[in-house]
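Colleague: I have some labels to challenge. Can we go through them one at a time?

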Amino acid sequence: MAAAASSPPPTNRVDAFWHDGMLNHDTGRGVFYTGSDPGFLDVLEKHPENPDRVRNMVSILKRGPISPYISWHTATPALVSQLLSFHSPEYINELVEADKNGGKVLCCGTFLNPGSWDAALLAAGNTLSAMKHILDGKGKIAYALVRPPGHHAQPSQADGYCFLNNAGLAVRLALDSGCKRVVVVDIDVHYGNGTAEGFYQSNDILTISLHMNHGSWGPSHPQSGSVNELGEGEGYGYNMNIPLPNGTGDRGYEYAMTELVVPAVESFKPEMVVLVVGQDSSADESL
Ligand SMILES: [Zn+2]
């Protein structure tokens, strides 16, 4: 087949995992992320984490310049039992009950609305399938394009628009499947506090986060993201926070990667690499 002959070789191919059902997580409108209407605005703003954001990522990958390198896959929702590898039963039960009761504000700006839970299970399911794809040797690079996002979700706490820690679940699957060491590198502009918290006492998972120096933002996000948060117990030294000054550009990221991230990853010798690639760092980022 001509298409097969011209397909990129597996080493250059990205296996993308996506399901339209993730668009059904409706974060609503209001003043920025508050969801509230003060009563005197003509136009209520979309929540920053809205379906259009990801819809454009799908279209870029489907019609943009790297589209020939993408193979598309889809997955079924995660099972509740699979979520317990990272999250506490009490927390998962809270989310299930919130969904049954028609929704809940879990913390500032983080709304579980009708449809949100099914979308969250799809996000977790697609991320787990992406990891399984790699574990089964079916590809070299898998990309789980998912929402709601996950890296702020802690074992027992929603935070920052995140309910389930998709990357954390994928890490657990890799370890449960025989990987001895997994590294997580998170380049989202906010601290990947949920992933760090979940593995804070583990020495078989190295968590690295590059982020702006926003510090704690309240009870749902008590972690500061400072260089002093290094892990605890056996995990001491296995959490690396790299706060970057506002205005850090490509050269700053490259320097941090070359001088800090790459040497740490090389000395850790991971058998699996999980990249958390939130795309909210920009010259205009003010939060
Ligand atoms: Zn972010």
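Modeller: Yes. Start with the cut-off for burial: buried means under 20% relative accessible area, and exposed means over 50%. Keep in mind that this is a predicted model.

Colleague: Why is T127 called buried?

Modeller: T127 has 9% relative accessibility. The limit is under 20%, so T127 counts as buried. T127 sits in helix α5, residues 116-135.

Colleague: What does T127 touch, leaving out residues up to four places away in sequence?

Modeller: T127 touches A144, V146, N166, A167 and A170. Contact here means heavy atoms within 4.5 Å.

Colleague: What makes the link from the T127 side chain to the backbone oxygen of A123 a polar contact?

Modeller: The distance is 2.7 Å. The cut-off for a pair of N or O atoms is 3.5 Å, with one able to donate a hydrogen and the other to accept it. The T127 side chain therefore makes a polar contact with that backbone oxygen of A123.

Colleague: Is K269 buried or exposed?

Modeller: K269 has a relative accessible area of 55%. Exposed means over 50%, so K269 is exposed. K269 lies in the loop between α8 (250-268) and β11 (272-276).

Colleague: What is notable about the phi of K269?

Modeller: It is positive, about 55°, although K269 is not a glycine. Most residues other than glycine have a negative phi. Y161 also has a positive phi, near 70°. Y161 is in the loop between β7 and α6.

Colleague: How do you know that the peptide bond from R147 to P148 is cis?

Modeller: Its omega is near -5°. Most peptide bonds are trans. P148 is in the loop between β7 (141-144) and α6 (166-176).

Colleague: What makes D188, H190 and D280 donors to the zinc ion?

Modeller: They coordinate the zinc ion at 2.0 to 2.2 Å, through OD of D188, ND1 of H190 and OD of D280. The cut-off for this metal is 2.8 Å. In sequence, the spacing is D-x1-H-x89-D.

Colleague: Are D188 and H190 buried or exposed?

Modeller: D188 has a relative accessible area of 8%, so D188 is buried. H190 is at 13%, so H190 counts as buried.

Colleague: How many cavities of 30 Å³ or more does the structure hold?

Modeller: One. The largest cavity has about 50 Å³ of space. Its lining includes V184, Y191 and N239. β9 gives the largest share of that lining, three residues. By class, the lining has five nonpolar, five polar and one charged residues.

Methods. Residues numbered from 1 in each chain as written. Predicted model: local features only at pLDDT ≥ 70, side-chain atom pairs only at ≥ 80, totals over all residues. Heavy atoms only, no water. Helix = DSSP H or I, 4+ residues; strand = E, 2+ residues; numbered from the N terminus. Buried < 20%, exposed > 50% of the residue type's maximum accessible area, 1.4 Å probe, protein only. Donors = N, O, S within 2.8 Å, 3.2 Å for Na, K, Ca; no water. 1 Å grid on protein atoms, 1.4 Å probe; cavity = no way out; pocket = protein on both sides within 12 Å on 5 of 7 lines; lining within 4 Å. Points joined across faces, edges and corners; volume = space filled by probe spheres on them. Nonpolar A, V, L, I, M, F, W, Y, C, P; charged D, E, K, R; others polar.
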